[in-house]
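Please open the model in your viewer and keep the sequence beside it, so that each stop can be selected in turn.

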Amino acid sequence: MKTIARDASKDVHEDSSDLDEDFKPLTAEEAQRLRDRKPSISPWRVIAIQVVAGLLVALAAWGLTGRQNLGWSAGYGALAVVIPSAVFARGLTGRFSSLNPGTAVFGFFLWEMVKMALTVAMLIAAPRLVVALSWPAMLVGLVVTMKAAWVAVMLAPRRLKL
């Protein structure tokens with residue numbers, strides 16, 4: 001096996017200047033072409049796909065087993081993903097989210113913490129809110145709905161190469 005040793009003779013500042021020389025900012029035209037090739041995905045589209053996935057998993061749990069409590073449990077698991085995600089998306093698309101880069105970063109972390117706290121609170125409240133709660137069914141609903149975000153990425157509209 002070949003080992004590559006770091007050149008200790010190079011100064012850290014020399015390494016960073018190499019990176020600066022390679023960096024070339026995009027022109028307005030290049031940035032627009034990049035946006036056209038890689039359109040962004042709306043967070044509301046992702047949430048809509050998560051809602052559909054949550055409904056499907058809840059209906060499947062109820063329909064395949066014939067037990068209503070399994071459908072409600074899976075549906076509540078889906079809600080434990082969808083509601084916090086909607087709060088997060090609303091927070092990030094709000095008026096103050098894009099004032100400057102610092103505010104955007106702070107807002108992202110703040111709303112992510114709110115999302116996690118809301119999810120945990122909903123999971124703690126589940127036994128009181130869902131009659132005859134089935135934890136496995138709820139967790140299946142939660143995981144399937146959470147992973148549906150990848151379906152949204154795969155189904156994102158792609159524009160033709162220009």
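The tour goes from the whole chain to one residue and then to a patch on the surface.

This is a predicted model, in which local features need pLDDT of at least 70 and side-chain atom pairs count only at pLDDT 80 or more, while totals for chains, interfaces and linings use all residues. Residues are numbered from 1 along each chain as its sequence is written, and side-chain values use heavy atoms, with hydrogens and water left out.

Begin with the whole chain in a cartoon view, where you will find six helices and zero strands (helices are DSSP runs of H or I with at least four residues, strands are runs of E with at least two, and both are numbered from the N terminus). Of the 162 residues in the chain, 27% are buried, a word that stands for under 20% relative accessible area with a 1.4 Å probe, counting protein chains only.

Next, select residues 68-92, which form helix α4, and pick out Ser73 within that helix. Ser73 counts as buried because its relative accessibility is 0%. Now show the side chain of Ser73, which reaches the backbone nitrogen of Ser134 at 2.9 Å. Beyond its neighbours within four places in sequence, Ser73 is in contact (heavy atoms within 4.5 Å) with residues including Val130, Leu133 and Met138.

Finally, select Leu155, which is placed in the segment after α6 (135-154). Add Trp150, Val151, Val153 and Met154 to the selection, since with Leu155 these residues make a nonpolar surface patch of about 520 Å².

Note on methods:
Buried means under 20% relative accessible area, exposed over 50%, partly exposed in between (1.4 Å probe, protein chains only). A polar contact is a pair of N or O atoms within 3.5 Å; within protein, one must be able to donate a hydrogen and the other to accept it, and residues adjacent in sequence count only if both atoms are side-chain atoms. Patches are made of residues with over 30% relative accessible area and no salt bridge: like charges are joined within 9 Å, nonpolar side chains (Val, Leu, Ile, Met, Phe, Trp, Tyr) within 5 Å. Accessible areas come from the Shrake-Rupley method with a 1.4 Å probe; for residues, only the protein chains shown count as cover. A salt bridge is a side-chain nitrogen of Lys or Arg within 4 Å of a carboxyl oxygen of Asp or Glu.
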